[in-house]
Amino acid sequence: MSSTGQPLTADISATQTEHEFCAQADQPPSADGRLFQRHIFRACISAIVHAPPGQTATIVTGAGTPCQMLTRDISRSGLNLLHKQQLYPGQKIDVVLTDGQPRRLEVIWCRRLGVGCYSAGCRFMKTT
Amino acid sequence: MISASLQSQGYLPVATATLFPATEINCDLFVQHNNHNLELYRHGSYPLTKEDLRRLAMAGVDHLYIRYADAEFYRKYLCEQVLNETTIPAPARMSALREVTRVAFQEALEGNDPNRAVEIATDLGRGMATMIADQAVKLEEVYDLLEHDYYTFTHVCNVSTYCVILARELGLGDKGVLSQVATGALLHDIGKRHVPKDVLNKKDKPTDEEWQIIRNHPGSGYQELCHRADLIWPQLMMVYQHHERLDGSGYPCRAADGDIHQWARLCAVVDVFDALTCSRPYREPVPAREVCNYLKDNAGKWFDAEMVTCWTAQVERLR
C-alpha cells in the first residue's frame, strides 16, 4: 500500500521495458520492512530452472529444461513467481522478461499454495 | 552410578566395558572414591591390565572418568578399537560412542565449525549403523539407555538412533544407506544453532516473531549444508523437510504428499516421538504409548501411515 492508502499497482505500458519500469519504481523502503517496493507484475515468462544446490540435474524432474512461469510481483531487488514444482533456497532460475533481457534469479524462499502450485520469492543476481 | 557433578567439573564418564587390557587410550583415567573426588587411576601411557579390570568389576566400578579435553582421544579409540568388537554388548558401545561424541559435536557447533560437525556426524552415523544393522539391535535394547531430556545433542542422537532402527525395519537399504540416514538425522537440527537459546528454551508460547525465527531453522540448516560434496540429497531433505506435514500444514514450504522426501518423512515421525517423550523445563515427558496414539491419530494426515505403523509396532514392544 502507498502512503495514501492506494494499492500500488504497476503502471506498466505495453511499450515500457522492465528496465524502465524498475527505474521508475525507485521507491523509499516500504512499510513491511522491504528495501524496495513491490509492484504487481503479472506475466507469463520463459524460464530455465536449474537443479537445486545439493541435487543433480538428473534427479529433479525438468531441471535444466525450458518452461513457462507466472510472475506475481516485482521490485528492484527481486521477483515473486509461481511454479508447478517445489523450489529450494539457493536454486537458480534463468528468466527472460518481456523486454527480452535474460536475468538470473536465486530462490530465497518457497511456499506451496495448492496442488502443483508453489510461490517463490527470488532475488535478481548480478550478471557479470 | 555416574556423577553429574563430576561431569559439570569437566570429566566424562567412560564405561569400563569399553576398555580393553593392554590397549593404550592415550588419556589419563580417573576413579571416583566413595562418591567424592576423583583420583588418578592410570596414566595415559600405561595400559590397563586384565587384573585391573577384574578388580574394578569386583569393586562394582562400572565407569572411570577422563578429562573433557581428552574426549577426542577416547572417541578415536572407540571408533578404531571398540565399535566392531562384538564381545561388548552393542547398547554399551552405542552409549559410550554417543557420550563421547556429544563433547566433540557440541564443541564443533559452539565453535561455528560445520565442517567438523559433519565429520563427527558421519563417524557417529557410520558407527551407529554398523551396530544397529549388523547386530540387529532392537529398540527395546537401547531405549532405556537413551537419555530423555531435550537438549540438542541428546535429541539429535536419539532421533538418529530411531531413524536407523525405523529405516532398517522398513527395509530402506543396506548398512551404507543406514549410515547416511544416521548422519542426516544427526544433522537435521543444525539450523537451530542460529536460533537464540532463550527462544529455544522459552517456557511460554513463542511470539509470532520468535516462531518465525524457529521456523527458519530447516532452511538455514539446508543452506549451510547444501554445497557440501559429502552429503547427499536425501540427507539434505531430512534437514530441510523434517517439519513438513503430508497435508501441507508444516514448514518451511508447506510441501505436501509426494513433495516430501521419504527420508524427511522418516525423520518427522521419530523427531516428534522423541520431542514428546523427552522432558522439557516446562513439562513432564509424555509416555511412549500416548505418543504412539498421537502418531496414529495423525497417520496419513501429517505423518506417513506406513512409517507410523512400523514405528509404533517397535515402540509397543517396550516394556
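Here is a short conversation about a barrel and a helix pair in a predicted model.

Trainee: What makes helix 7 and helix 15 of chain B roughly perpendicular?

Mentor: Helix 7 (residues 152–170) and helix 15 (residues 305–315) of chain B pack at about 110 degrees, with axes 10 Å apart. Angles of 65 to 115 degrees count as roughly perpendicular, so these two helices of chain B earn that description. Helix 7 of chain B passes helix 15 of chain B in a right-handed crossing. Among the residues making the contact are Tyr162(B) and Ile165(B) of helix 7 and Met307(B) and Trp311(B) of helix 15.

Trainee: How many residues of each class are in that contact of helix 7 with helix 15 of chain B?

Mentor: Seven are nonpolar, one is polar and two are charged.

Trainee: Moving to chain A, why is strand 3 called largely enclosed by the rest of the structure?

Mentor: Buried means under 20% relative accessible area, and six of the six residues of strand 3 (residues 78–83) of chain A are buried, so the description fits. Gly78(A), Asn80(A) and Leu82(A) point one way, while Leu79(A), Leu81(A) and His83(A) point the other.

Trainee: How do you know that strand 2 and strand 3 of chain A pair?

Mentor: Pairing needs at least two bridges, and strand 2 (residues 66–74) and strand 3 of chain A have four, in the antiparallel sense. Thr71(A) has Leu81(A) as its bridge partner. Strand 3 of chain A is also joined to strand 6 (residues 117–124) of chain A by six bridges, with Gly78(A) opposite Arg123(A).

Trainee: In what order do the strands of the chain A barrel close?

Mentor: The six strands run 1-2-3-6-5-4, with antiparallel pairing, and the twist averages 45 degrees from one strand to the next. Four bridges join strand 1 to strand 4 of chain A.

Notes
Residues numbered from 1 in each chain as written. Chains lettered and ligands numbered in written order. Predicted model: local features only at pLDDT ≥ 70, side-chain atom pairs only at ≥ 80, totals over all residues. Heavy atoms only, no water. Axes fitted to C-alpha atoms, helices over the stretch in contact; angles between N-to-C directions. Parallel < 35°, antiparallel > 145°, perpendicular 65-115°, else oblique. Left-handed = near helix turned anticlockwise from the far one by under 90°. Contact = heavy atoms within 4.5 Å. Nonpolar A, V, L, I, M, F, W, Y, C, P; charged D, E, K, R; others polar. Buried < 20%, exposed > 50% of the residue type's maximum accessible area, 1.4 Å probe, protein only.
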